[in-house]
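Here is a brief report on one protein with its ligand. It starts with a charged pair and then turns to the binding site.

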Amino acid sequence: MNKGIAIYPGSFDPPTNGHLDLIQRGSKIFEELVVAVLRNSEKTPMFSLSERLQMLRELTADLSNVRIDSFNGLMVEYAKSIHAVCILRGIRAVSDYEYELQMALMNRKIEPTLETVFMMPADKYSYVSSRLVREVAQVGGPVKGLVPEVVERKLREKLDPAYKLQDPNLMEVPKRRKKKA
Ligand code: PNS
């Protein structure tokens, strides 16, 4: 296919391995993939917009045709403003289909020139969602393998501020004092 710009919109609160898998797949198909994080969602997110943008930028630093941005209001209007020709969405299981179908048809009604393309993440991520990751992490459960390491660390920092002090990788190395002569 490899035609034009595609937009991959979402909340990404937080980005999961499923999201990253889809970004990697999408980046191989489209000329440019713009991962667009929704601003001003009605829900109160666990991670601020800037935290989500920062995590996504870090995770996609090695993908030269992937750009991270945010948008407000109607997604299709933002998509048009960046000259996107496609909306990329992930479908994990049949349960996603109804909501995604409604959204795709509504978006088509508003903007008939934009096509929605569905892709499946790797089956090992078919049960992974940001909501479940937040739920598990909030009660101290393991999220290893479900989210990238940077996200796992951010979740721990957010939910347990003392974690920063426990992780030797995150601890600041104290500067050595010069010995007095
Ligand atoms: O990751 P999510 O929460 O499933 O993403 C949903 C998202 C952000 C793609 C959708 O809610 C959206 O596009 N919101 C922007 C407002 C809009 O255009 N709504 C009409 C959708 S039919």
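## A salt bridge across the sequence

Arginine 134 and aspartate 13 form a salt bridge, with their closest N and O atoms 3.7 Å apart. Arginine 134 belongs to helix 5 (residues 130-138), while aspartate 13 sits in the loop between strand 1 and helix 1 (17-29), so the pair ties together parts 121 residues apart in sequence.

The model is a predicted one. The count of salt bridges comes to 12.

## Who surrounds the ligand

The ligand is surrounded by 14 residues. The closest are Ser11, Gly73, Leu74, Met75 and Arg89. Sorted by class, the shell holds eight nonpolar, four polar and two charged residues.

## Polar contacts

Three of the contacts involve a ligand oxygen atom. One such contact is with serine 11: an N or O atom of its side chain is 2.6 Å from a ligand oxygen. Methionine 75 uses its backbone instead, with a polar atom there 2.8 Å from an oxygen of the ligand. For arginine 89, a side-chain N or O atom is 3.0 Å from a ligand oxygen.

How much of the ligand does the protein cover? On its own, the ligand has 550 Å² of accessible area, and the protein covers 75% of this.

## The pocket and its elements

Which pocket does the ligand take up? The ligand fills space in the largest pocket. Strand 1 (5-10) and helix 4 (94-110) are the elements that give two or more residues to the shell. Helix 4 gives the most, with four residues.

Note on methods: Residues are numbered from 1 along each chain as its sequence is written. This is a predicted model: local features need pLDDT of at least 70, side-chain atom pairs count only at pLDDT 80 or more; totals for chains, interfaces and linings use all residues. Side-chain values use heavy atoms; hydrogens and water are left out. A residue is near a molecule or strand if one of its heavy atoms lies within 4 Å of it. A polar contact is a pair of N or O atoms within 3.5 Å; within protein, one must be able to donate a hydrogen and the other to accept it, and residues adjacent in sequence count only if both atoms are side-chain atoms. Accessible areas come from the Shrake-Rupley method with a 1.4 Å probe; for residues, only the protein chains shown count as cover. On a 1 Å grid over the protein atoms alone, a cavity is a set of points where a 1.4 Å probe fits but cannot get out, and a pocket is an open set with protein on both sides within 12 Å along at least five of seven lines; lining residues have an atom within 4 Å of a point. A molecule sits in a cavity or pocket if more than half of its atoms lie within 2 Å of its grid points. Ala, Val, Leu, Ile, Met, Phe, Trp, Tyr, Cys and Pro count as nonpolar, Asp, Glu, Lys and Arg as charged, and the others, Gly among them, as polar. A salt bridge is a side-chain nitrogen of Lys or Arg within 4 Å of a carboxyl oxygen of Asp or Glu.
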